[in-house]
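Here is a short tour of one protein chain, written to be read with the model open beside you. Please have the viewer ready and follow along.

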Amino acid sequence: MKAAPKWAQDLTINALLWWESQGNNPAIPELVWRHGSRRSSSGTAWTKSKRIVITAGRDRTDQKFVLLHEIAHTLTPENAHHSDRFWDIAWALYRWAKLPIRYCVNREKTYKIGAMVSYRRTQ
């Protein structure tokens, strides 16, 4: 496993600074980066230990999307995995980062129906 690229470290810090500016008190997660051979990326977050592991695919937008999704996990309580609160945070982060929302919708709708409910609620 390797250290995350500088852009990913910067995105993480800037996302957390933005989240803090919204009246929250985020902890900085440990960020571990692996390179995968697929186009898309995947990730895992440990809420309690504030650790994120990303297996980065070839597409940079997808890498950013997955990183922000996992950051949202570290910003929600441990028992709130893919809860309404999680999805509200995830969509706020995608919008803050100016990710293509259509891309995020397409990527999330294959994952969890709760993502779409929250997306419609937070528009």
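Is H73 buried or exposed? In this predicted model, H73 is buried, because its relative accessible area is 4%, below the 20% cut-off for burial. Let us begin with the whole chain and come back to this histidine further on.

## The chain as a whole

The chain contains 5 helices and 4 strands. Read from the N terminus, its elements follow the order β-α-β-β-β-α-α-α-α. The radius of gyration is 13 Å, in agreement with the value near 14 Å that a compact globule of 123 residues would have. Along the principal axes, the C-alpha atoms occupy a box of roughly 35 × 30 × 25 Å.

Burial applies to 44% of the 123 residues. Contacts that span some distance along the sequence are worth a look too: of those between residues at least 6 apart, 49% link residues at least 24 apart. The chain exposes about 6,800 Å² of surface, and carbon and sulfur atoms contribute 50% of that area. As for charge, there are 20 positive and 10 negative charges, and the mean positions of the two sets lie 6 Å from each other.

## The sheet

Now turn to the strands. The 4 strands make an open sheet of mixed pairing, with the order β1-β2-β4-β3. The edges are taken by β1 (2–3) and β3, each of which has a single partner strand, so one side of each lacks a neighbour in the sheet.

Start at the β1 edge. Here β1 and β2 run antiparallel and are paired over 2 bridges; A3 has V32 in β2 as its bridge partner. Moving inward, β2 (residues 30–35) pairs with β4 over 6 bridges, this time in the parallel sense. Three positions help you to follow this register: E30 stands opposite R51 of β4, W33 has I54 as its bridge partner, and R34 has T55.

On its other side, β4 meets β3 (residues 42–46), and 5 bridges join these antiparallel strands. W46 is placed opposite R51. You can therefore find R51 facing E30 and also facing W46, while β4 itself (residues 51–56) is mostly covered, with 5 of its 6 residues buried. As a reminder for reading the sheet, side chains in a regular strand alternate between its two faces.

## Two turns with positive phi

What links β3 to β4? The two strands form a hairpin with 4 residues between them, and K50 sits in that turn. Most residues other than glycine have a negative phi. K50, however, has a positive phi of about 55° although it is not a glycine.

K98 offers another case, with a positive phi near 60° in a residue other than glycine. This lysine lies in the loop between α3 (84–96) and α4 (101–109). The table sets the accessibility of the two lysines beside that of two residues in helix α2.

| Residue | Place | Relative accessible area | Class |
|---|---|---|---|
| K50 | loop between β3 and β4 | 22% | partly exposed |
| K98 | loop between α3 and α4 | 72% | exposed |
| Q63 | helix α2 | 8% | buried |
| H73 | helix α2 | 4% | buried |

K50 counts as partly exposed because its 22% falls between the 20% and 50% cut-offs. K98, at 72%, counts as exposed.

## Two buried residues of helix α2

Back to the histidine. H73 belongs to helix α2 (residues 60–74). Which residues does H73 touch, not counting those up to four places away in sequence? They are A45, T47, H81, H82 and F86. One of these, A45, falls within the range of strand β3, residues 42–46.

Q63 is found in the same helix, α2, and is buried at 8% relative accessibility. Leaving aside neighbours within four places in sequence, Q63 is in contact with W7, W33, S41, A56, G57 and R58. Among them, W33 is the residue whose bridge partner in β4 is I54. Q63 and S40 are 23 residues apart along the chain, and their C-alpha atoms are separated by 7.4 Å.

With both residues on display, you can follow helix α2 from Q63 to H73 and pick out their contacts with W33 and A45 on the way.

Methods
Residues are numbered from 1 along each chain as its sequence is written. This is a predicted model: local features need pLDDT of at least 70, side-chain atom pairs count only at pLDDT 80 or more; totals for chains, interfaces and linings use all residues. Side-chain values use heavy atoms; hydrogens and water are left out. Buried means under 20% relative accessible area, exposed over 50%, partly exposed in between (1.4 Å probe, protein chains only). Two strands pair if DSSP finds at least two bridges between them. The radius of gyration is taken over C-alpha atoms; the globule rule is 2.2 Å times the number of residues to the power 0.38. Contact means heavy atoms within 4.5 Å. Accessible areas come from the Shrake-Rupley method with a 1.4 Å probe; for residues, only the protein chains shown count as cover. Lys and Arg count as positive and Asp and Glu as negative; His and the chain ends are not counted. The place of a charge is taken as NZ of Lys, CZ of Arg, CG of Asp or CD of Glu.
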